[in-house]
Amino acid sequence: MNVLDIIKPENQVFCKSKLMTDTTLSYCPGCGHGTAHNLTMEVIDELGICENTIGVAPVGCSVLAYDFMNIDMTQAAHGRAPAVATAIARTWPKKYVFTYQGDGDLAAIGTAETIHACNRGENIVIIFINNGIYGMTGGQMAPTTLEGMHSSTSPYGREIKTMGSPLKITELISNLPGVYYVTRQAVHTHKHARKTKKAIKKAFENTRLKKGLSFIEIVSNCNSGWKMTPNEANIWMEEHMFPYFPLGDIKVNGILK
Amino acid sequence: MSELKLMKGNEALAEAAIRAGVDAYFGYPITPQSEVIEYLMTERPEQRTGMVVLQAESELAAINMVYGAASTGKKVMTSSSSPGISLKLEGISYIAGAELPAVIVNVVRGGPGLGTIQPSQADYFQSVKGGGHGDYKLYVLAPSSVQEMADFVEDAFKIAFKYRAPVLILSDGLIGQMMEKVNLKDQQKRLTDEEVIKLNGNWATTGKPKTRERNIITSLDLQSEKMEARVHRLMKKYERMEQEDLRYEEYQTEDAEYLFVAYGSSARIAQKAVQLARAKGIKAGLLRPITLFPFPKKVLLNLANQVQGILSVELNAGQMVEDVRLSVEHKVPVEHFGRTGGIIHTPEEVLEALEQKIIK
Ligand SMILES: Cc1ncc(C[n+]2csc(CCOP(=O)(O)OP(=O)(O)O)c2C)c(N)n1
Ligand code: SF4
């Protein structure tokens, strides 16, 4: 098999979703956002629900998600996406509504909106990219920044005594009765990406069945913020992020694992 | 069938919202406007018309819910009082920036800070000068009766959809809490989802069919030229509002030698002060701006050519008086008379202020 054979559509294991636009991604090479976008669009395309899906973009590196996703999208204020999605889902109960948010957006400024939308069991999907840092604004500390991890606002490493522990918001919200499905995944290898896609599909199916809230955390890298090459960042993520944020299902069909 | 009822201002507004076919209300309790959400919850609007009513976890959430539902082309409103509106300003700026129709009600109380729960007009600056961040304005309607609390809901939505812009109904604790008779309009049908798509599908995020490009609601323009164009587009809207939708009322101004300018509850008191003045032989009149933005600048300038002095009567430490002064271009003396802290001026006090500050 030569290169030309390999890139034939039928031989590709991973290609650009039809629902991704041709706009060049604004993400750093090696960043997980692009893959997470693509998987989300693949799922929407495969489920044939484009016409009935409304996405809510956050503030953060993925603020321009609507430039890349060829679906109807509303861009929300920093942290407020779950409130925006709540209203859309309430006033259009037949639609599929999802938010796409970073850790600063979802677990810092938007903690209240996140917890309450989850607690109300809104019939939405939340896709949460946890890269342990504020990427867009230049690598400041996030609630999910690990102990000892360096950032521009924790230049000597995150100190628990003064800065608190890295926030496991996903575990926190999994305890709320309104939350139906919670899983933590990654997208840095094919194997992980496939699992993530399955999880996203399950989440949208939950919306169809009106099961309430589905929450998918994707532990991802921020090679720019972490000041590493993409490969180093992925290895560092496996060694440091995964032990604190272990991958796998946390709550399935409303039952905690 | 229209219906005559005795109601509180807040309740009349809530009932008018159901009857106007509003799709959704999102709010958070705060005195003196909690009756709005209480009334709505009691009336079961989801059964009457299918209207969604939700008590949000905060004003921040409530206004962002308004943003969300408005972005999909639905008719959506919220209400609050001063400290709550301060929290809502982030969302209001986004709604203006993203050019979405929405109705926001502020039943003002005294401030700053936690202030008092008594009526005030101290949110005038915040309402008409922008309030939130960036270059934007709100179309501001100021009711002065329970009837107008009801009537302005529909008017506000007409403006909001005409310009795709947020509209503020600026009331206060007096009008929100007092009971008056009100003539309620007939129930209007809420639009079906198909009708919403037909009407607003060219811009709203209702789900992308194959037949059109994706719709995007955003207030972000990282390219400076595009951002400037957006701001210019907003400014054009505001000019058009001034030309096409300015509202005001004149009372005994034809032969007036002295003029009160007052809105909302102050206007009711000033109107009585006009009568007291006339009984004393003082030819006073009243200009009541109904829209505070756009402001009736030209009308005031014309009146300034006729009267000898103007008194701006407000329940604050002096806010609208600045716009009155700007409008009359130094043609006549303009003074301010106000009470704060939740105290309402009496008509006698207002007349006395006219005599002392203007007539002298
Ligand atoms: C009200 C408000 N505060 C702060 C900001 C600045 N800001 C923009 S993005 C961001 C952090 C985003 O981080 P995260 O959600 O983790 O997303 P990432 O960029 O890492 O993908 C901040 C603080 C803002 N836009 N609005
Ligand atoms: S800054 Fe980090 S999160 Fe943002 S695009 Fe670059 S790698 Fe991705």
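Trainee: Which residues come nearest to ligand 1?

Mentor: Of the 16 residues around ligand 1, those are Cys61(A), Gly104(A), Asp105(A), Gly135(A) and Met136(A). Keep in mind that this is a predicted model.

Trainee: What makes the pair between Asp105(A) and ligand 1 a polar contact?

Mentor: The cut-off for a pair of N or O atoms is 3.5 Å. A polar backbone atom of Asp105(A) sits 2.8 Å from an oxygen atom of ligand 1, so the pair is within 3.5 Å and counts.

Trainee: How do you know that Met136(A) and Ile133(A) make polar contacts with ligand 1 too?

Mentor: Same test, with backbone N or O atoms again. For Met136(A), the distance to an oxygen atom of ligand 1 is 2.9 Å; for Ile133(A), the distance to an oxygen atom of the ligand is 3.1 Å. Both values are within 3.5 Å, so both pairs qualify.

Trainee: And how much of ligand 1 does the protein cover?

Mentor: On its own, ligand 1 has 590 Å² of accessible area, and the protein covers 76% of that.

Trainee: Which elements give two or more residues to the shell?

Mentor: In chain A, those are α5 (103-109) and β5 (133-134). The biggest giver is α5(A), with 4 residues.

Trainee: How does the shell around ligand 1 divide into nonpolar, polar and charged residues?

Mentor: There are 6 nonpolar, 8 polar and 2 charged residues. Gly counts as polar, so Gly104(A) and Gly135(A) go in the polar group.

Trainee: What does the predictor say about the complex?

Mentor: Its ipTM is 0.95 and its pTM 0.96. Chain B has an average pLDDT of 98, with 100% of the residues scoring at least 70.

Terms used: Residues numbered from 1 in each chain as written. Chains lettered and ligands numbered in written order. Predicted model: local features only at pLDDT ≥ 70, side-chain atom pairs only at ≥ 80, totals over all residues. Heavy atoms only, no water. pLDDT = per-residue confidence, 0-100. Near = heavy atom within 4 Å. Polar contact = N/O pair within 3.5 Å; in protein donor to acceptor, adjacent residues only side chain to side chain. Areas by Shrake-Rupley, 256 points an atom, 1.4 Å probe, with all protein chains shown as cover.
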